[in-house]
Amino acid sequence: MTDLPKDPWDLRKVLREIKDNPADYHETDIEIDPDAEISGVYRYIGAGGTVERPTKEGPAMMFNNLKGFPNTRVLIGLMASRKRDGRILHHDYKTLGRFLKDAVENPVHPIKVDKKDAPAQEVVHLASDPDFDIRELVPAPTNTEYDAGPYITCGLVKGSNPDKTMTDVTIHRMVLEDKDTLGMYIMPGGRHIGHFQKEFEKLNKPMPITISIGLDPAVTIGATFEPPTTPLGYDELDVAGALRQEPVQLVDGVSVDESALARSEYVLEGYIMPNETIKEDINTDSGFAMPEFPGYNGPANPAVNVVKITAVTHRKDNPIMQSVIGPSEEHVSMAGIPTEASILELVDKAIPGKVVNVYNPPAGGGKLMTIMQIHKDNPADEGIQRQAAILAFGAFKELKTVWLVDEDVDIFDMNDVVWTMNTRFQADQDFVCIPGMRNHPLDPSERPQYDPKSIRVKGMSSKTIVDGTVPFDMKDQFIRAKFKEIPDWEKYLK
């Protein structure tokens with residue numbers, strides 16, 4: 001077996017690195033109820049994104065004193081800052097997309113470790129134990145008072161196809177429905193776990209899975225890639241290994257024929273049941289699931305997959321439940337950075353050298369909107385910017401808006417981006433609308449009642465290109481005001 005590193009990457013190592021920076025981390029011992037209070041508090045402190053105002057970017061928060069769950073903790077907002085993500089991944093936050101793109105192209109495969117080297121299995125609870133109840137073992141919070149129930153929002157589902165030739169990891173929303181039952185929403189199309197589950201369903205067999213919670217962000221961010229960048233059969237744990245230049249450690253499950261992440265804080269093991277669904281809000285009838293990334297409460301699904309839990313394992317020393325607010329900046333990081341990498345991978349092959357950088361901002365929840373920074377060398381490049389936008393739309397059906405800007409625009413500053421619409425844009429020629437395309441099912445505007453002329457069925461949308469680039473032959477008329485360079489300007493702050 002491969003020699004294991006003395007200080008391997010996991011969530012606790014990340015927290016040790018950032019804990020002394022007040023901008024990155026804060027913890028509290030004040031008692032808090034995981035039922036809606038954690039998200040209610042964090043909204044003010046650091047959620048950001050499209051969370052209901054007032055909100056802001058702030059530190060991750062660790063809640064050490066959970067009502068009803070002694071000796072456990074909840075961490076929220078770890079990835080809710082792009083700059084913090086850069087510090088965590090030891091890379092410039094502005095080029096994280098290219099960093100992930102390179103990781104996909106240079107994979108480092110996971111390794112298997114013995115159970116004695118897997119802190120995730122220090123404590124084991126089996127479904128056959130008396131009084132086994134996931135609702136008392138797993139401190140999953142609710143985001144709002146209207147949620148269908150306690151949700152696992154940052155759990156990495158790991159599963160394989162029936163003949164064990166392919167494996168996948170994906171993050172899904174999962175609600176605690178009963179003492180040994182989860183409801184799991186698998187978005188139709190595009191999720192490899194869903195593809196494997198359909199294969200098991202055809203055989204009328206339950207699909208073994210593990211759900212690992214409390215992970216190094218290299219894992220959670222790297223795991224959210226989608227096709228075509230990571231095709232069926234690509235193990236996204238390879239991305240995390242490449243980001244850290246250290247293989248992710250796996251361990252065999254204690255009750256299912258599937259592996260889990262050995263250095264996670266919690267692991268739930270179980271089976272996705274074949275041909276069996278459950279009403280997502282069966283315990284509340286609230287009509288809502290939980291807040292989703294577009295900024296609205298997602299409707300409860302009438303038929304989510306049933307997961308029967310066979311075991312819960314966790315660390316012995318105050319295990320950490322990691323949670324995410326759906327519309328927060330944290331979701332933007334998890335969904336947006338891999339999408340940036342995917343778009344860069346595509347355009348670099350099709351039109352090399354023309355797309356300098358890509359950013360999926362909070363305004364689109366990391367999925368619905370992309371800002372592309374364009375480089376034009378000569379008059380023949382005019383129009384290449386729109387070609388880049390079409391490429392992105394063609395590959396990523398969830399993308400709704402592409403904003404095109406020049407190299408002198410800071411794509412991470414929405415004031416600078418929107419400025420182009422006011423000074424480098426004429427709507428009659430620079431606004432492009434493409435109707436009748438597919439979109440993300442959580443966008444509430446994609447329904448026939450909203451736009452009956454273009455939306456025939458729910459899930460369709462018009463796509464938009466906002467071309468804020470200057471025509472190449474007019475570049476000399478759009479030079480920004482130049483200021484004197486002062487190399488030692490910071491001395492005036494001392």
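This is a dialogue between a learner and a teacher about reading a predicted model.

Biologist: Which parts of the chain carry domain annotations in UniProt?

Modeller: An annotation comes from a record, and it may be inferred rather than shown by experiment. In this case the unreviewed UniProt entry places "domain: 3-octaprenyl-4-hydroxybenzoate carboxy-lyase-like N-terminal" at residues 21-100, and it gives "domain: 3-octaprenyl-4-hydroxybenzoate carboxy-lyase-like C-terminal" for residues 334-467. In the predicted model, residues 21-100 are 28% helix and 15% strand, with end C-alpha atoms 25 Å apart, while residues 334-467 are 32% helix and 25% strand, with end C-alpha atoms 27 Å apart.

Biologist: How many residues of helix α4 are buried, and which are they?

Modeller: A general point about helices helps here: an α-helix has 3.6 residues a turn, so residues three or four places apart point the same way. Helix α4 covers residues 96-105, and because seven of its 10 residues are buried, the helix is largely enclosed by the rest of the structure. The buried residues of α4 are Leu96, Gly97, Phe99, Leu100, Lys101, Ala103 and Val104, and they pack against α3 (82-89), α7 (217-222), α8 (237-244) and α9 (329-350).

Biologist: Is Asp416 buried or exposed, and which residues is it in contact with beyond its neighbours in sequence?

Modeller: The cut-off for buried is a relative accessible area under 20%. Asp416, which is found in helix α11 (residues 414-423), has a relative accessible area of 11% and is therefore buried. Leaving aside neighbours within four places in sequence, Asp416 is in contact with Asp408, Val409, Asp410 and Arg480.

Biologist: How many disulfides does the model have, and how exposed are Cys154 and Cys433?

Modeller: A disulfide is a covalent bond between the sulfur atoms of two cysteines. To count one here, the two sulfur atoms have to lie within 2.5 Å, and by this rule the count comes to zero. As for exposure, Cys154 counts as buried because its relative accessibility is 1%, whereas Cys433, at 44% relative accessibility, counts as partly exposed.

Biologist: What lines the second largest pocket, and which residues are closest to its centre?

Modeller: A pocket can be read through its volume and then through its lining. The second largest pocket holds about 420 Å³ of space, and of the 17 residues that line this pocket, Arg43, Glu52, Asn143, Thr144 and Pro291 are the closest to its centre. Helix α2 (residues 37-45) gives the largest share of the lining, with three residues, and the lining as a whole divides into seven nonpolar, seven polar and three charged residues.

Definitions and conventions: Residues numbered from 1 in each chain as written. Predicted model: local features only at pLDDT ≥ 70, side-chain atom pairs only at ≥ 80, totals over all residues. Heavy atoms only, no water. 1 Å grid on protein atoms, 1.4 Å probe; cavity = no way out; pocket = protein on both sides within 12 Å on 5 of 7 lines; lining within 4 Å. Points joined across faces, edges and corners; volume = space filled by probe spheres on them. Helix = DSSP H or I, 4+ residues; strand = E, 2+ residues; numbered from the N terminus. Nonpolar A, V, L, I, M, F, W, Y, C, P; charged D, E, K, R; others polar. Buried < 20%, exposed > 50% of the residue type's maximum accessible area, 1.4 Å probe, protein only. Contact = heavy atoms within 4.5 Å.
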